[in-house]
Amino acid sequence: MTDHQTARRLAALDQVLILTHRRPDGDTIGCASALCLALQQLGKTAWVLPNEDAHGLFTPYLEGVLAPAGFLPQHVVAVDVASLGMLPDSAGAYKDRIDLVIDHHGSNEGYGRETCVDPSCAACGELLYRIFQAMAISFTPEIAMLLYMAIATDTGCFVYSNTTPETHRIAAALMAVGFDAQWVNRRHFRVKSLKRMRLEGRLVQEMELAQGGTLAFAYVTLALIADLQATEEDLEDISSFIGQVEGVDNAVTIRQLSPQECKISLRTDGKTLNASAVCALHGGGGHPAAAGCTIWGTPAQAKAAMLAAIEQVQHG
């Protein structure tokens, strides 16, 4: 659906429950909370489904929008969720009744009854900004902050290759509403816990290079997490870190979730390697420069599988 079609659809909904994805990031949290406030502004009853994976970094953005116990929605909307497999366990009861999906992933599986997807957007927050304009939503400081946080976190504070002139225009318009953007940027990009800094040091020490040093593999193992006593907040957006190493064009972060399950995050330059095409070979997806998947096996087996998939995509 177009922006205006989606706006009309949202305006017709009431008693709405909004879903976010597993291990939520700033984009899905910011969009869900902003949409909740926008619908409430129109006099609708709307809540965000509590996500068991959400950690303390996102607590301020969820205050006052989480669904109360016993809420029975008439309609369900998912934001920034590319596939049913990305939904948290708490959303299991709603997988077969999602009325509307708003997303920016080109790999979106079209699982909702209706879908609004625009892969040209750097973040789902960009798409939601346009939809809110079509809905004539009043951009309050709270809504503006949530959308700004969504966009800033999905662009690495506007440095990732997905950042466009339109990204900056929307961010500027949101900042003009009036909220503490410095607080948002410091919270997400300038402050690191001591555990996080030690984790980054270990990742650099233990990473492995391939393809002449242009491809890096980093391992966040169960043993490493236990050794540093790292929390989910310490691990936030860790997949973007290893790509900062000079000479590395493509980086694979392998996070061990259980002895035989690994979550893969692939970050590329978006030009020499299509991350989404690589991860699709293992049932995942995402964007050309950032994608993910799950591989069953040990970290060593995950590395071998990802290296084979990367070479397959590179060589056709």
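Q: Buried means under 20% relative accessible area, and exposed means over 50%. With that in hand, how many of the twelve residues of α4 are buried?

A: Nine of the twelve are buried, so helix α4 is mostly covered. Keep in mind that this is a predicted model. The buried residues of α4 are Cys 124, Gly 125, Glu 126, Leu 127, Leu 128, Tyr 129, Ile 131, Phe 132 and Met 135.

Q: What covers the buried residues of α4?

A: Look at the elements packed around the helix. The cover includes four helices and two strands: α1 (3-11), α2 (26-41), α5 (141-154) and α6 (165-177), together with β4 and β5.

Q: How do I read the length of α4?

A: Compare its span with the expected one. Helix α4 covers residues 124-135. From its first C-alpha to its last it reaches 16 Å, close to the 16 Å expected at 1.5 Å a residue.

Q: Which residue just after α4 takes a positive phi?

A: Start with the general idea. Most residues other than glycine have a negative phi. Now the case here: Ala 136, just after α4, has a positive phi of about 60°.

Q: What is the phi of Cys 157, and where does this residue lie?

A: Cys 157 is not a glycine, yet its phi is positive, at about 60°. The residue sits in the loop between α5 and α6. Its relative accessibility is 27%, so Cys 157 counts as partly exposed.

Q: What is the phi of Asp 237, and in which loop is this residue?

A: Phi is near 55° for Asp 237, a positive value in a residue other than glycine. Look for Asp 237 in the loop between α9 (222-228) and β8 (250-258). With a relative accessible area of 31%, Asp 237 is partly exposed.

Q: Is Gly 112 buried or exposed?

A: Check the relative accessibility against the cut-off. Gly 112 has 13%, which means that it counts as buried. This glycine is in the loop between β4 (100-103) and β5 (114-117). Its contacts, leaving aside neighbours within four places in sequence, are Ile 98 and Val 101. Gln 301 is 189 residues from Gly 112 along the chain, and their C-alpha atoms are 34 Å apart.

Q: Where is Ser 33, and what does this residue touch?

A: Ser 33 belongs to helix α2. Its relative accessible area is 1%, so Ser 33 is buried. Not counting residues up to four places away in sequence, Ser 33 touches Val 48, Tyr 61, Leu 62, Val 65 and Leu 146.

Q: Now the whole chain. How many helices and strands are there?

A: The protein chain has eleven helices and eleven strands. Its radius of gyration is 19 Å, close to the 20 Å that the globule rule gives for 316 residues, so the chain is as compact as a globular protein of that length. Its C-alpha atoms fill a box of roughly 55 × 40 × 40 Å along the principal axes.

Q: What share of the residues is buried, and what share of the contacts joins residues 24 or more positions apart?

A: Of the 316 residues, 50% are buried. Among contacts with a separation of 6 or more, residues 24 or more positions apart account for 65%.

Q: What does the chain expose, and where do its charges lie on average?

A: The chain exposes about 13,600 Å², and carbon and sulfur atoms supply 52% of that area. There are 23 positive and 34 negative charges. Their mean positions are 2 Å apart.

How values were computed
Residues numbered from 1 in each chain as written. Predicted model: local features only at pLDDT ≥ 70, side-chain atom pairs only at ≥ 80, totals over all residues. Heavy atoms only, no water. Buried < 20%, exposed > 50% of the residue type's maximum accessible area, 1.4 Å probe, protein only. Contact = heavy atoms within 4.5 Å. Expected span 1.5 Å × (residues − 1). Rg over C-alpha atoms; globule rule 2.2 N^0.38 Å. Areas by Shrake-Rupley, 256 points an atom, 1.4 Å probe, with all protein chains shown as cover. Lys, Arg positive; Asp, Glu negative; His and termini not counted. Charge placed at Lys NZ, Arg CZ, Asp CG, Glu CD.
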